[in-house]
Amino acid sequence: MAESGKPSVLFVCVHNAGRSQMAAAWLTHLASDRVEVRSAGSNPCDAVNPAAVEAMAEVGIDISAEGPKVLTIDAVRQSDVCITMGCGDACPVFPGKRYLDWKLEDPAGQGVAAVRPIRDEIKTLVENLIAEIAPETMS
């Protein structure tokens, strides 16, 4: 557990522009302040994917102010659960951490129509994660 006593989750994808941003937004939205949420990329882009921003806006979640962040050892160290999404071995491994790899299509270069099913799949995965790590937060 993080110092706050809450479970802490880090979402990592290559560019931190699509999948990990949507996952972090879903977890923040669905679990409220009961889970610490981070996201990062092994090779972050300059901006969040506009199709991901649009897809999340369609479900009432605004990620337009978010920006890709670089993956750091400290981010991994401070997280209880590290969830990778297509970044291979870029995530450092520390004993005592839980690591999951979510196989998700990369939304890079795709329009909003192609991003919607990815967004919805991420929501389901996040709901399952919440049920596991913070079940009392499910609504």
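Strands, such as the β3 and β4 named below, are DSSP runs of at least two residues, numbered from the N terminus. In this predicted model, P95 lies in the loop that joins β3 (81-85) to β4 (98-101). The relative accessibility of P95 is 78%, and the residue therefore counts as exposed, the cut-off for that class being over 50%. P95 and R77 are separated by 18 residues in sequence, and their C-alpha atoms lie 9.5 Å apart in space.

The packing of two helices was examined next. Two packed helices are described by the angle between their axes and the distance between the axes. For helix α1 (residues 19-31) and helix α4 (residues 112-133), the axes come within 9 Å and cross at roughly 45°. The two helices are therefore oblique to each other, since this angle falls neither under 35 degrees, where helices count as roughly parallel, nor in the range of 65 to 115 that counts as roughly perpendicular. The crossing of α1 past α4 is right-handed. On the α1 side, the contact is made by R19, M22, A23, W26, L27, L30 and A31. On the α4 side, the contributing residues are V115, I118, R119, I122, K123, V126, E127, L129 and I130. By class, the residues of this contact comprise 12 nonpolar and 4 charged, with no polar ones.

Charged side chains were then considered across the model. The count of salt bridges comes to 9. One of them joins R119 and E58, with a nitrogen-to-oxygen distance of 3.2 Å. This pair links distant parts of the chain, as R119 belongs to helix α4 and E58 to helix α2 (residues 50-58), 61 residues apart. The two partners differ in exposure: R119 has a relative accessible area of 7% and is therefore buried, whereas E58, at 38%, is partly exposed.

A further salt bridge is formed within helix α4 by the side chains of K123 and E127, at 3.8 Å from N to O. Because these residues are 4 positions apart in the helix, about one helical turn separates K123 from E127. K123, with a relative accessibility of 29%, counts as partly exposed, and E127, at 26%, is likewise partly exposed. Beyond individual pairs, salt bridges with shared partners join E58, R116, R119 and D120 into one network. Elsewhere, E36 forms a salt bridge with R38, in which the closest N and O atoms are 3.5 Å apart.

Key: Residues numbered from 1 in each chain as written. Predicted model: local features only at pLDDT ≥ 70, side-chain atom pairs only at ≥ 80, totals over all residues. Heavy atoms only, no water. Axes fitted to C-alpha atoms, helices over the stretch in contact; angles between N-to-C directions. Parallel < 35°, antiparallel > 145°, perpendicular 65-115°, else oblique. Left-handed = near helix turned anticlockwise from the far one by under 90°. Contact = heavy atoms within 4.5 Å. Nonpolar A, V, L, I, M, F, W, Y, C, P; charged D, E, K, R; others polar. Buried < 20%, exposed > 50% of the residue type's maximum accessible area, 1.4 Å probe, protein only. Salt bridge = Lys/Arg side-chain N within 4 Å of Asp/Glu carboxyl O.
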